[in-house]
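User: Could you take a close look at one part of this model for me? I'd like to start from a single side chain and work outwards to what surrounds it.

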Amino acid sequence: MHLQIGCLNSGLLNIARDLAPRYDSRVIGIAAGRPLDFGATDGFAGGMVYISGEAIQQDRDELDREIAAAEAEFHAALSGRVSAIEWRSSVTYEALSDCLVRQARSADLIVSNMSSRGIDPSRRVDTGDFVMRAGRPVLIVPRTLTSLDLDHVLVAWKDTREARRAVADALPLLKQAARVTVHEIAAEVDLASARTHVDDVSAWLARHGIVAETSVSTCRHGDAAHLDAIAIELSAGVIVAGVYGHNRMREWVFGGVTRDLLLVENRCALVSH
């Protein structure tokens, strides 16, 4: 459970409080922050902006207070409600995603709020960077959500390694879902193959005790908008998807599905790389 510092994490903790007892899980809360450095480029011809020692100390004191507040919030939300909890925190000069990636070795699932580029790198982890490197499934929770809606889960299928890994990683969650739909978007000429794909996935899920509906469709206006419309039509509370980077860049997408689709305010995304 990755808690962001400097803000409340009540929605994320509500989801942890709901999920952990379902699986008799141990919950590890983690938080990290990066202090101000003595010098930083100002973006103009490699110039430097120097920060006073007083400003650095004030920032470090604030960082310590924010981490302590996150720890207190974690314990207040989960102590006595989850059978086993642990707190870990770190102050580091490296990228926060590096710190979080190392902690992933201890978990089956990472749960985190979404962040993106253009954020404060001293307080926020770039979600895309982390997902690409974690080696674990990541449940991305919009900050506006306070519960995990498992009434209907949509598996966004594409016959790739990443999608195969995502649906396998999602098995425990899919077993808790009231309904599961496996959907593939394909070109008109590939619809027959797409139906075979989703039927195979449904049969595989059935062998794991999961009943899944299947559907395929064509798209002329972009996969992202089309899949979003399907999720809305199904009232899907979670999308399961594989993610991968283009040209080894850290920006990540699922096929033609942009982060704007996966990181929406009314739906969680369980993603794997």
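In which helix does Arg195 lie?

Analyst: Happy to walk through it with you. This is a predicted model, with residues numbered from 1 along each chain as its sequence is written. Local features need pLDDT of at least 70 and side-chain atom pairs count only at pLDDT 80 or more, while totals for chains, interfaces and linings use all residues, and side-chain values use heavy atoms, leaving out hydrogens and water.

Arg195 lies in helix α7, residues 191-206. Helices (H or I, at least four residues) and strands (E, at least two) are DSSP runs, numbered from the N terminus. Arg195 has a relative accessibility of 44%, so it counts as partly exposed; buried means under 20% relative accessible area, exposed over 50%, and partly exposed in between, with a 1.4 Å probe and protein chains only.

From Arg195 we can step across to Glu184: the two are 11 residues apart in sequence, and their C-alpha atoms are 8.0 Å apart. Glu184 is in strand β8, where it is the bridge partner of Trp157. β8 itself is mostly covered, with six of its seven residues buried.

On one side of the pairing story is β7 (residues 152-157), joined to β8 (residues 179-185) by six bridges in a parallel arrangement; two strands pair if DSSP finds at least two bridges between them. His152 of β7 stands opposite Arg179 in β8. β8 also runs parallel to β9 (residues 213-217), with five bridges between them, and Thr181 has Glu213 in β9 as its bridge partner. β7, in turn, pairs in the parallel sense with β10 (residues 238-242) over three bridges, and Leu154 has Ile239 as its partner in β10.

β7 is mostly covered as well: six of its six residues are buried. His152, Leu154 and Ala156 point one way from the strand, and Val153, Val155 and Trp157 point the other way.

Back to the helices now. In α5 (residues 161-169), the buried residues are Glu162, Ala163, Ala166 and Val167. They span an arc of only 130° around the axis, which places them on the same side of α5; the arc is that of the directions from the helix axis to the C-beta atoms.

Val167 brings us to the packing. Leaving aside residues up to four places away in sequence, Leu205 touches Val167, Leu171, Leu174, Val182, Ile210 and Ala212, where contact means heavy atoms within 4.5 Å. Leu205 is also one of the three residues, with Leu148 and Leu174, that touch the most other members of the largest nonpolar core, which has 47 residues. Such a core is a set of buried Ala, Val, Leu, Ile, Met, Phe, Trp, Tyr and Cys residues joined through side-chain atoms within 4.5 Å. Apart from the largest core lies another, of 18 residues, among them Ile30, Phe130, Ala134 and Val271.

Finally, here is the wider setting. The chain has nine helices and 13 strands, and buried residues make up 46% of its 273 residues. Of the contacts with a separation of 6 or more, 77% are between residues 24 or more positions apart. The chain exposes about 13,200 Å², of which carbon and sulfur atoms supply 50%; accessible areas come from the Shrake-Rupley method with a 1.4 Å probe, and for residues only the protein chains shown count as cover.
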